[in-house]
Amino acid sequence: MTGELTALPDMQASRLEIHHRENPVPPPSPKGLVFGHTFVQFFLSFPWSLIDGWGTPKIVPYGPLSLEPSCTVLHYAQTVFEGMKAYRDATGKVTLFRPELNMKRMNRSAARIALPTFDPDAGLELIKKLVSLDKHWIPQEAGHSLYIRPTLIGTQRAIGVGPPNEALFFVICSPVGPYYPNGFKPIALHGTTEYIRAAPGGTGAFKLGVNYAPGIMPQQKAAKNGYVQNLWLHGPEHHLTEVGTMNMFIVFKKSDGSLELVTPPLDGMILPGITRDSVLSLARDHASGKHPLSGLTQNINVVERSVSMKEVQEASKNGTLVELFGAGTAAVISPVDRIGYLGEDVHIPVEEDGMGPVSRPIWKELVGRQIGSIQSDWSVEVK
């Protein structure tokens, strides 16, 4: 013993152990897949401890986890997760969409609740190994993909609020069909004034399990009143923040005839979504002329600023509200046709196909890059 501090082992993809099944499970028919209900035959799991650092990563047959009832995740919601997708084209090529951003965000989320961080490159390499092992489970039909859920939980076997001395990183995968199997269907939102999703200085900007459960009851109340999701508002001026579990975009028509694509700024309450970033990047590259998008007007400005319900109401009444849509991993783009607010419905234009003049060309480009029909460095191949 020298008294010198030594670095604990980080994630190491080279240490991966794969435990094969004696009786492989065939993939299900893509018909009738329900989002998040069917899981591939393997999952990735590896432990962390304060004494030993990251342990040996293992890919094992999908099955139950063994946790003691005193584990901190069960009492204090010490859990972070990500949502990613893998795609398989007609040639069998498998790709992930901007996965390095998920690993970066997961580390930010873990640090926010004192969970261990990890080497993002090693984490991504291990996820690739898992996806490759079950790549035949990825449906090749149009609109289908493999939803990937990396999760990190605190597993200290003691009751008490504090940084855990043990944790578990695991990844499960689920084959999924298109979010809108019969075409886009605009949704109705309840402009929620009695509950909030996040507040300044809180955890809204991080992908934590604790951020999601409190939204379930307000969503149930919204559904009883005929609305699909909550539009989360904040502050006395009722600024728009997020749509359900998605980031949000609004399009206004300006007095000079130009369009303004607006999304709330990353002020500590808004989750920095990968789809959000992708929409902004595509729109800005189009506006600058760097990468024009077919069907999208060149006369468009892209802005990150606060928007109040008063501004949305006035724009709806005077005809300058063009469209409003959510953006996230599951749905990609989710159009909105009305917002219930203080006892009245604010109506939002949608076109015949359920989309709008800005969301449609952005969605086409985004999906094309995701599935590989449009070449892009956002697409990362899984060998």
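Leaving aside its neighbours within four places in sequence, which residues is His 238 in contact with? That was what I wanted to know when I opened this predicted model.

**Entry 1: His 238**

I found His 238 in contact with Thr 193, Leu 233, Val 307, Ser 308, Met 309 and Tyr 341, once its neighbours within four places in sequence were set aside. Tyr 341 deserved a second look, as its side chain and that of His 238 are joined by a polar contact of 2.7 Å. I then checked where His 238 sits along the chain: the loop between strand S11 (229-234) and strand S12 (239-243) holds it. Is His 238 buried or exposed? Its relative accessibility is 19%, and buried means under 20%, so His 238 counts as buried.

**Entry 2: Glu 82**

Next I turned to another loop residue. Glu 82 lies between strand S5 (79-81) and strand S6 (84-88), in the loop there. I looked up its relative accessible area and got 0%, so Glu 82 is buried. Which side chain does that of Glu 82 meet in a polar contact of 2.6 Å? The partner is Arg 105. I also listed the contacts of Glu 82, leaving aside neighbours within four places in sequence: Asn 102, Arg 105, Met 106, Tyr 147, Ile 148, Arg 149, Pro 150 and Lys 207.

**Entry 3: helices H2 and H3**

Arg 105 led me on to a helix, since H2 covers residues 99-112. I compared H2 with helix H3 (residues 120-133) and saw that their axes come within 9 Å and cross at roughly 125°. Why are H2 and H3 called oblique to each other? Angles of 65 to 115 degrees count as roughly perpendicular and those over 145 as roughly antiparallel, and the crossing at roughly 125° falls in neither group, so the pair is oblique. I noted the handedness too: H2 passes H3 in a right-handed crossing. On the H2 side, the contact is made by Pro 99, Glu 100, Met 103 and Asn 107, and H3 brings Pro 120, Gly 123, Leu 124 and Ile 127. Sorted by class, I have 5 nonpolar, 2 polar and 1 charged residues in this contact.

**Entry 4: Ala 7**

Last, I went to the segment before strand S1 (17-18), where Ala 7 lies. Its relative accessibility is 74%, so I wrote down Ala 7 as exposed. How far apart are Ala 7 and Ile 172 in space, C-alpha to C-alpha? I read off 29 Å, with their places 165 residues apart in sequence as the separation.

Conventions:
Residues are numbered from 1 along each chain as its sequence is written. This is a predicted model: local features need pLDDT of at least 70, side-chain atom pairs count only at pLDDT 80 or more; totals for chains, interfaces and linings use all residues. Side-chain values use heavy atoms; hydrogens and water are left out. Helices (H or I, at least four residues) and strands (E, at least two) are DSSP runs, numbered from the N terminus. Buried means under 20% relative accessible area, exposed over 50%, partly exposed in between (1.4 Å probe, protein chains only). A polar contact is a pair of N or O atoms within 3.5 Å; within protein, one must be able to donate a hydrogen and the other to accept it, and residues adjacent in sequence count only if both atoms are side-chain atoms. Contact means heavy atoms within 4.5 Å. Axes are lines fitted to C-alpha atoms, for helices over the stretch in contact, and angles run from 0 to 180 degrees between N-to-C directions. Angles under 35 degrees count as roughly parallel, over 145 as roughly antiparallel, 65 to 115 as roughly perpendicular and the rest as oblique. A crossing is left-handed if the near helix is turned anticlockwise from the far one by less than a right angle, and right-handed if clockwise. Ala, Val, Leu, Ile, Met, Phe, Trp, Tyr, Cys and Pro count as nonpolar, Asp, Glu, Lys and Arg as charged, and the others, Gly among them, as polar.
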